[in-house]
Amino acid sequence: MLFELIRVAIGAQDCLSHSPTADEWGKLYEMAKKQSLVGVSFAGVQKLVAQQQEPPEMLYLTWMGMAAKTQQRNETVNRQCVDLQKRLSADGVRFCILKGQGAGLRYPSNLYMLRQSGDIDVWMAGGMEQVMRYVNGIAPTDEVNGSHVQLHIFGDTEVEMHYVPMRLGNRLANKRVRSWLLDQEEVQMSHKVPFMDGALNVPTDEFDIVYQMLHIYKHLFNEGIGLRQLMDYYFVLRKGVDGEGRSRVRKVVSDFGLDKFASALMWVLQKVFGLNPIYMLCSPNPRDGKFLLDEIMQMGNFGYGDGRFSLNKEDSHLIRFWQSCRSKWRFISHFPSEVLWQPIDMFLRFFEIRYLRRKALRLK
């Protein structure tokens, strides 16, 4: 029923197959909240009110209040994106804004302000040290990891300044990803779309089809992934690319070893959002797709609703290393490459991050 409500919201279905009970409505609301889709799902609720399939009054008012807060939050983050872009441009920085408010621009106009926004991700040119120096010139910090530096410029919104917009645990595939990103940098940082009273530096649709798939894949093995990210991906696929662009996307996805994951993702997008096959990158795979959807529903948005494999920060590094590796084992029969590389990547990253933090402290 949650999938039906989502399809009603995005215009892929007219109404629910049956009117939910009060208890079912309550569960639908909680599931939408777990997946960070309260705002978008409320657009579906509004359509159902006209068909006498509305939730109980108190729940409707709660849902409406949360949707209003989502709209207010989007207004705030939109202004912050504009302010940040002005500052970066004035400082002569080459950059583009990833995901977030840029991804929301692909939503229909009635859903754009209802998409739940998160932090602001910026891909900045120049490499790790230049990004560190730039961030420390604004707000000194040693908060750095293998892909970004934290920029504390807005009190209520996190800003991540990426010197590498994506990294995979599979170090061999990651080399190919890094090479592809280097080739793409100039085009992506020069691409603009209309935004508010000006323009926003965001990636092209063709780049985002690959990048957002990588983002979903990476988070599946780490924090977790929810339906909000898949909705972003649904709308980027709906924008579509021409035949030549589609061929390039398929080749890149194959070069990264993501064919199996792509087919699972297509199945989920068809099952949940009703994605038309003409927008699919490949044929859906029900076996891997069902597994992926089950993980998504248990994890929730970035794994916030998943208590199956929570790590205790009080435990030693060795115990947490073992627990983390063990938790990934459930993926072995579906996406083995990333699972087998996880222990090696975690071991190497342990030392890499310490090196980066020492470097950040010196620059700070």
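Is R73 buried, partly exposed or exposed? R73 counts as partly exposed, because its relative accessibility is 25%. Good morning, colleagues. The structure under discussion is a predicted model, and I shall use R73 as the entry point to its charged contacts.

R73 takes part in a salt bridge with D156, in which the closest N and O atoms are 3.6 Å apart. This contact connects distant parts of the chain: R73 belongs to helix α4 (residues 57-90), while D156 sits in the loop between β3 (148-154) and β4 (157-162), 83 residues apart. D156 is also partly exposed, since its relative accessibility is 49%. As general background, side chains of opposite charge can pair when their charged atoms come close. Across the whole structure, a search finds 21 salt bridges.

Let me turn to a salt bridge in another setting. The side chains of D121 and K99 meet at 3.0 Å, N to O. Here too the pair links distant parts of the chain, with D121 in strand β2 (residues 120-124) and K99 in the loop between β1 and α5, 22 residues apart. Are D121 and K99 buried or exposed? Both are buried. For K99, the assignment follows because its relative accessible area is 13%, and the cut-off for buried is under 20%.

K99 deserves a second remark, on its backbone. Its phi is near 50°, a positive value in a residue other than glycine. The loop that holds K99 runs between β1 (95-98) and α5 (100-104). For context, most residues other than glycine have a negative phi. Which other residue should we examine in this respect? S36 has a positive phi of about 55°, although it is not a glycine. S36 lies in the loop between α2 (22-34) and α3 (38-49), and it counts as buried because its relative accessibility is 6%.

I return briefly to the salt bridges, this time within a helix. E129 pairs with R133, the closest N and O atoms being 2.9 Å apart. Why are E129 and R133 separated by about one helical turn? The reason is that they are four residues apart in helix α7 (residues 128-138). E129 counts as partly exposed, at 31% relative accessibility. Elsewhere, a network of salt bridges links R167, R171, D345, R349 and E352.

The next topic is aromatic contacts. The structure holds 18 aromatic pairs. One of them joins F42 and Y60 in a tilted arrangement, 5.5 Å centre to centre with 45° between the planes. F42 lies in helix α3 and Y60 in helix α4, so the pair ties together parts that are 18 residues apart in sequence. F42 is buried, with a relative accessible area of 4%, whereas Y60 counts as partly exposed at 22% relative accessibility.

F261 and F335 form an edge-to-face pair, 5.5 Å centre to centre with 75° between the planes. This pair again links distant parts of the chain: F261 is in helix α12 (residues 259-273) and F335 in the loop between α14 (317-328) and α15 (336-363), 74 residues apart. F261 counts as buried at 1% relative accessibility, and F335 is buried with a relative accessible area of 4%. Ring pairs join F261 and F335 with Y217, F221, F291 and F331 into a cluster.

One last contact combines a charge with a ring. R354 lies over the face of F350, at 3.7 Å from the ring centre. Thank you for your attention.

Notes
Residues numbered from 1 in each chain as written. Predicted model: local features only at pLDDT ≥ 70, side-chain atom pairs only at ≥ 80, totals over all residues. Heavy atoms only, no water. Helix = DSSP H or I, 4+ residues; strand = E, 2+ residues; numbered from the N terminus. Buried < 20%, exposed > 50% of the residue type's maximum accessible area, 1.4 Å probe, protein only. Salt bridge = Lys/Arg side-chain N within 4 Å of Asp/Glu carboxyl O. Phe/Tyr/Trp six-rings, centres within 6.5 Å; stacked < 30°, edge-to-face > 60°. Lys NZ or Arg CZ within 6 Å of the ring centre and 35° of its normal.
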